[in-house]
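Visitor: I am new to reading protein models, and I would like to learn how the labels are earned. Could you walk me through this one?

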Amino acid sequence: MKFQDYKQYLSPALAKTTDLVIRSGKGCYVTDVNGDSYLDFVQGIAVNALGHSHPAIVKAICEQAGNIIHASFNLVNYESTLELAERLAKITPGDLNQVFFSNGGAEANDGAMKLAKAYTRRSSIIAFKGSFHGRTIGASSVTGSNSKYRKYYEPLMGGVYFTAFPSKDQCPEGYGADQRAEYCLAELQRLFSYIASPDTVAAIIMEVVQGEGGYVVPDKKFVQAIRDICTQHGILLILDEIQTGYGRTGKMFACEHFDVAPDILTLGKAIAGGLPMSAVIASPEIMSEWHPGMHGTTFGGSPVAAAAANAVLDEFEKSDLLNNCRLQGAYLLKRLNELKEKYPFISDVRGLGLMLAAEFSNEDGSPAPEIWAKVKKICFENKLLTLNCGVYGNGMRFATPLNVTREDLNKGLDIFEYALKSV
Ligand SMILES: Cc1ncc(COP(=O)(O)O)c(C=O)c1O
């Protein structure tokens, strides 16, 4: 089977980065219909914390599917979903003890914004430039990582204001982490003074580490100041941990690195081992303003996705996934920094845990997506799957499974270095 023969039946809107037709996957690898295996450093866009088709997840899905697949969580309850809600309440920070299940990240962020508006009775939302929160009209409205995600869709949701995130690209040249944090906090104060009075703002929505925007890690003081500003003005802090959550950064939730807890947390991606599932999690007090019928879903809370999600959490409890993520992440960071010293077109290496990116720039410091495109092509020819990030598409993200072995990391890095040498 060839993708080209079927392409005519698919909308071109999905920006496919390969023509591969995949038949199976195991751990770090996928195998296509021709029997060619690829080392997968994308893992379904940072989804598969345990790699492809982990036996415990497959078993949980098969067993649950044999019992019941769908009767709608609107109508009935399922053991697996109830158990998952309790487990999520227990592992999430602060008093985030009530869960609303949905199916994808964008949907969860839409839900979180509805909840914030319902609780505060305020209308505005503040988001950050460089952020990615998804593709629905609501989530696109607070997405500022690329103008192409918004083009032709205006007017989007009203009452959304963007402010600066402390990334290199959004701050004056030469600023260090401290200065960037101060600059962005001053920008937010200016937004409050000139445009959006803080007492009209329902929520600030933020990825603690920007994902699609380039794996940008802000200064701890910045995140803590945003938390304080929210508390001071009665604004709810929505942390979108759809990509950063579930151990990706070496802690179960990235906000733990910053000693900050949100008012509303959104989760997705890794939560159900590759099945579509997401969650909006908040305190009982905040959830109490979301009265029955104010939000809903046909598929959300699927018992099969929940069974897979419980299997994922079992693995977090049984095996030392977080430790492996920290160990292998530190090794990967070290190797990437060594490559940066050797290859001047790698201008930056950044991230946390196994959420790491290498950025490609020209000699004059301008973004070099064309160099990255060549590297990516050579990686692919040598059977390594990679993905870009950043507004200029000049970052390469590494999103291996959290249980990745040193051997697979080295194998991928060898291919990566071969590609760097070749360009
Ligand atoms: C931080 C973040 N939020 C939201 C989304 C949207 O998730 P989905 O594609 O499942 O709607 C993504 C997807 O990449 C993401 O990285």
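Visitor: Where does Tyr-215 lie?

Guide: Happy to start there! In this predicted model, Tyr-215 sits in the loop between strand 7 (201-206) and helix 7 (220-233).

Visitor: Is Tyr-215 buried or exposed, and how do you know?

Guide: We count C-beta neighbours. A residue is called buried if 20 or more other C-beta atoms lie within 10 Å of its own. Tyr-215 has 28 C-beta neighbours inside 10 Å, so Tyr-215 counts as buried.

Visitor: What makes the phi of Tyr-215 worth pointing out?

Guide: Tyr-215 has a positive phi of about 55° although it is not a glycine. As background, most residues other than glycine have a negative phi.

Visitor: Which value does phi take at Ile-45, and where is the place of Ile-45?

Guide: Phi of Ile-45 is near 65°, again a positive value in a residue other than glycine. You will find Ile-45 in helix 1 (residues 43-46).

Visitor: Why is Ile-45 called partly exposed?

Guide: The label exposed needs 12 or fewer neighbours, buried needs 20 or more, and partly exposed is in between. Ile-45 has 14 other C-beta atoms within 10 Å, so Ile-45 is partly exposed.

Visitor: What about Arg-122: where is it found, and is it buried or exposed?

Guide: Arg-122 is found in the loop between helix 4 and strand 5 (124-128). With 20 other C-beta atoms within 10 Å, Arg-122 is buried, because the label begins at 20.

Visitor: Which residues does Arg-122 touch, and what makes that a contact?

Guide: Leaving out residues up to four places away in sequence, Arg-122 touches Lys-117, Thr-200, Val-201 and Ala-202. They count as contacts because the test is C-beta atoms within 7 Å. For a distance of another kind, the C-alpha atoms of Arg-122 and Cys-171 are separated by 30 Å, and these residues are 49 apart along the chain.

Visitor: How do you know that strand 1 and strand 2 are paired?

Guide: Pairing asks for at least two bridges. Four bridges join strand 1 (residues 22-26) to strand 2 (residues 29-32), so the pair passes, and the two strands run antiparallel. You can follow them residue by residue: the bridge partner of Ser-24 is Thr-31 in strand 2, and Gly-25 stands opposite Val-30.

Visitor: What do strand 1 and strand 2 form?

Guide: They form a hairpin, with two residues between the strands. Gly-27, in the turn, has a positive phi of about 55°.

Visitor: Why are strand 1 and strand 13 said to stand at the edges of their sheet?

Guide: Four strands form this open sheet in the order 1-2-3-13, with mixed pairing. Strand 1 and strand 13 (384-385) each have a single partner strand, so one side of each is left without a neighbour in the sheet.

Visitor: Which order do the strands take in the open sheet with antiparallel pairing?

Guide: That sheet of four strands has the order 11-12-15-14. Its edge strands are strand 11 (346-352) and strand 14 (387-389), each pairing on one side only. Neighbouring strands here are turned by 30° against each other on average, direction ignored.

Visitor: How many bridges link strand 12 and strand 15?

Guide: Strand 12 (residues 355-360) and strand 15 (residues 395-398) pair over four bridges, in the antiparallel sense. In one of them, Glu-359 has Gly-395 as its bridge partner. Helix 10 (residues 321-342) lies across strand 11, strand 12 and strand 15, and runs at about 170° to strand 11.

Visitor: Into which domains is the chain divided?

Guide: Domain 1 covers 3-40 + 320-422, and domain 2 covers 57-318. Their centres, taken over C-alpha atoms, are 25 Å apart. The contact takes 19 residues from domain 1 and 22 residues from domain 2. On the domain 1 side, the elements giving two or more residues are helix 10, strand 11, strand 12 and strand 15, and helix 10 gives the most, with five residues.

Visitor: What makes the peptide bond from Glu-154 to Pro-155 stand out?

Guide: That bond is cis, with omega near -5°. In general, most peptide bonds are trans. Pro-155 lies in the loop between helix 5 (137-141) and strand 6 (160-163).

Notes
Residues numbered from 1 in each chain as written. Predicted model: local features only at pLDDT ≥ 70, side-chain atom pairs only at ≥ 80, totals over all residues. Contact = placed C-beta atoms within 7 Å. Axes fitted to C-alpha atoms, helices over the stretch in contact; angles between N-to-C directions. Domains from an automatic or database assignment.
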